Amino acid sequence: NKTIIVTGAASGIGAATAQLLAGQGAEVIAVDRVQPAAAPGRFVQADLSDPADIRRLVAELPGGAHGLANIAGVPPTRPAAQVLKVNLLGLRQLTLQLVPKLADGASIVNLASLAGMGWPQAVPALRASESLDFDGVEAFCERHGIAGARSYFFAKEALIAWTHQQRWAWRARGIRMNAVSPGPVDTPILGDFIQTLGARAEEDMRVMDRPGRPGDIAPVVAFLLSDASAWVRGANIPADGGMHAKLLCDMH
Ligand code: NAI
């Protein structure tokens, strides 16, 4: 059986993914800041906005895992620095520190977002963020005008760009990384998006036939974690009821 580490497993998309993987026979290690009500498998508590806690988590996790699903995230209603810490820096640090402990052939999946599809327009700031660490977040946000909901967009843009960049980073060990980008999904943070994005979120909701459900996203993550997706590498797969396609068609 495969051992798969799922962050953000206490709620929403992470909980649905943990459940689906366990149902498929995986040994799931659930990681979250809060204790899941009903997580399958083992639970390890960690705050992914805290570099010391991430180091402790990596030391605690067993070696030889076959998959890492980076799903934990916070919505744009949170302070900009916190959004960058959890949604980008914590994810990146956990991944980079965990890779040496993963099994050869392991698969890493990052939960990005439709909010990150504009990454090619933000390349200079994205490049600057490659060397960003936890201590420099506030100054970085100020220098690059990242405030309010922009922090969420920026973190997801950087995550997609990083996923593309890392396409062959661990090729010698057969380790690959991909992203999944949902549109609006009905989880506890959907209201946060509607609150911060206002008219834009309402327009998105109007043109979709329905918002996504965690169960629409979990199977896409599970596919990318499975050997069936071995030829998918450095990719970002939208799972958004057609929103990505709509925005691309509107743009060009
Ligand atoms: P959720 O709020 O239901 O789940 C997020 C989980 O992450 C929670 O269990 C929370 O405790 C955990 N978490 C937050 N901060 C943490 C920290 N510092 N350390 C450890 N765990 C932490 O939200 P949802 O919707 O399931 O979101 C999952 C991912 O999907 C996020 O990365 C989000 O940005 C992304 N996403 C969500 C969309 C939506 O409309 N719900 C749309 C596109 C992407």
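This briefing describes a buried residue, a cavity and two pockets in a predicted model. Local features need pLDDT of at least 70, side-chain atom pairs count only at pLDDT 80 or more, and totals for chains, interfaces and linings use all residues. Residues are numbered from 1 along each chain as its sequence is written, and side-chain values use heavy atoms, with hydrogens and water left out.

**Residue N178**
- N178 lies in strand β6, residues 176-182 (strands are DSSP E runs of at least two residues, helices H or I runs of at least four, numbered from the N terminus).
- N178 counts as buried because its relative accessibility is 0% (buried means under 20% relative accessible area, with a 1.4 Å probe and protein chains only).
- The N178 side chain reaches the backbone oxygen of V232 at 2.9 Å.

**The cavity**
- The structure holds 1 cavity of 30 Å³ or more (a cavity is a set of points on a 1 Å grid over the protein atoms alone where a 1.4 Å probe fits but cannot get out; lining residues have an atom within 4 Å of a point).
- The largest cavity contains about 50 Å³ of space.
- Helix α3 (residues 80-98) gives the most to this lining, with 3 residues.

**The pockets**
- The largest pocket has a volume of about 860 Å³ (a pocket is an open set of points with protein on both sides within 12 Å along at least five of seven lines).
- Of the 45 residues lining the largest pocket, I71, G73, V74, T187 and I189 lie nearest its centre.
- The second largest pocket holds about 160 Å³ of space, and α6 gives the most to its lining, with 5 residues.

Notes: Buried < 20%, exposed > 50% of the residue type's maximum accessible area, 1.4 Å probe, protein only. Polar contact = N/O pair within 3.5 Å; in protein donor to acceptor, adjacent residues only side chain to side chain. Points joined across faces, edges and corners; volume = space filled by probe spheres on them.
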